[in-house]
Amino acid sequence: SLKDHMDSGKSQTIFDAICDLVANDEFTEAQNDFFETNCQKFQDDDENPHEYKQIYEEFLLIIERYIESKVKEEQGVSEEDLNAFYEDFKTNFKSYQEQNSDVVDTLFGIIDFFKFKGQMLDMKKGMIDKSAAERAKDKDADSAIEASGDTDFEAAFWPVFKEDYTAKKGQ
């Protein structure tokens, strides 16, 4: 029907907006900040204490609010439009994946607890490696890195976070 077609047009607009957001530096920085703040609490074992779930739920809420507020603000969509998009996304998952598998993978990465825990542990390891490396370095090397504006942290974390992303892009 025409109404369904209009709804899917809105859903498409929302998906395009989410694609732009997920690729945005601000989104990445917000995620990095959250991981940096919380990663020390995670241990690499089979235990998943309640605290992990609380941190994970907080993360989901932040990401969801960020995406929703940006999409509502920039696209002028309503809560109903957004809920219709979520339903459409579930129903027509394959067609969204065909359009932009990277973003779909990122969204599923966000809603997969074990992937989240893995990212936390990678972040923690990256920060430990970084602080050890910095202690070993002399001042000249540190100031050269600062001058280049490239942080070890980004270099270590981003590839891990987007492993699916680059693997698919490189095919």
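Let me begin with a term: a residue is called buried here when its relative accessible area is under 20%. With that cut-off in hand, I would like to walk you through this structure, which is a predicted model, and to start with the residue for which the cut-off is needed first.

That residue is Asp-102, which sits in helix α6, the helix of residues 101–110. Its relative accessible area comes to 8%, and because that is under 20%, Asp-102 counts as buried. As for where Asp-102 lies with respect to the rest of the chain, its C-alpha atom is separated by 9.6 Å from the C-alpha atom of Ala-23, although the two residues are 79 residues apart along the chain.

Let me now step back to the chain as a whole. There are 10 helices and 0 strands, so that, reading from the N terminus on, the order of elements is simply α-α-α-α-α-α-α-α-α-α. Of the 171 residues in the chain, 33% count as buried. If we take the contacts with a separation of 6 or more, 76% of them are made by residues 24 or more positions apart.

The helix pair that I would like to discuss next is α2, residues 25–38, with α3, residues 50–75. Their axes come within 12 Å and cross at roughly 165°, and with an angle over 145 degrees the two helices are therefore described as roughly antiparallel to each other. The crossing in which α2 passes α3 is right-handed. On the α2 side the residues that meet α3 are Glu-26, Phe-27, Gln-31, Phe-34, Phe-35 and Asn-38, and on the α3 side they are Ile-55, Glu-58, Phe-59, Ile-62, Ile-63, Tyr-66, Ile-67 and Lys-70. Sorted by character, the residues of this contact are 9 nonpolar, 2 polar and 3 charged.

Helix α3 also packs with α4, residues 79–91, and here the axes are 11 Å apart at an angle of about 120°, which is why α3 and α4 are classed as oblique to each other. This crossing, too, is described as right-handed. Glu-68, Val-71 and Lys-72 in α3 meet Glu-79, Leu-82 and Tyr-86 in α4, and the residues of the contact divide into 3 nonpolar, no polar and 3 charged.

Turning to helix α1, which covers residues 2–22, we find Ser-11 within it, and at a relative accessibility of 2% Ser-11 counts as buried. Which residues, then, is Ser-11 in contact with, leaving aside its neighbours within four places in sequence? They are Ala-84, Phe-85, Asp-88 and Tyr-96. Gly-9 is likewise placed in α1, but at 32% relative accessibility Gly-9 counts as partly exposed. The C-alpha atoms of Gly-9 and Phe-85 are separated by 9.7 Å, with their positions 76 residues apart along the chain.

Finally, a word on the cysteines. A disulfide is a covalent bond between the sulfur atoms of two cysteines, and the structure holds 0 disulfides. As for accessibility, Cys-19 is buried, with a relative accessible area of 12%, and Cys-39, at 0% relative accessibility, counts as buried as well.

Terms used: Residues numbered from 1 in each chain as written. Predicted model: local features only at pLDDT ≥ 70, side-chain atom pairs only at ≥ 80, totals over all residues. Heavy atoms only, no water. Axes fitted to C-alpha atoms, helices over the stretch in contact; angles between N-to-C directions. Helix = DSSP H or I, 4+ residues; strand = E, 2+ residues; numbered from the N terminus. Parallel < 35°, antiparallel > 145°, perpendicular 65-115°, else oblique. Left-handed = near helix turned anticlockwise from the far one by under 90°. Contact = heavy atoms within 4.5 Å. Nonpolar A, V, L, I, M, F, W, Y, C, P; charged D, E, K, R; others polar. Buried < 20%, exposed > 50% of the residue type's maximum accessible area, 1.4 Å probe, protein only. Disulfide = S-S within 2.5 Å.
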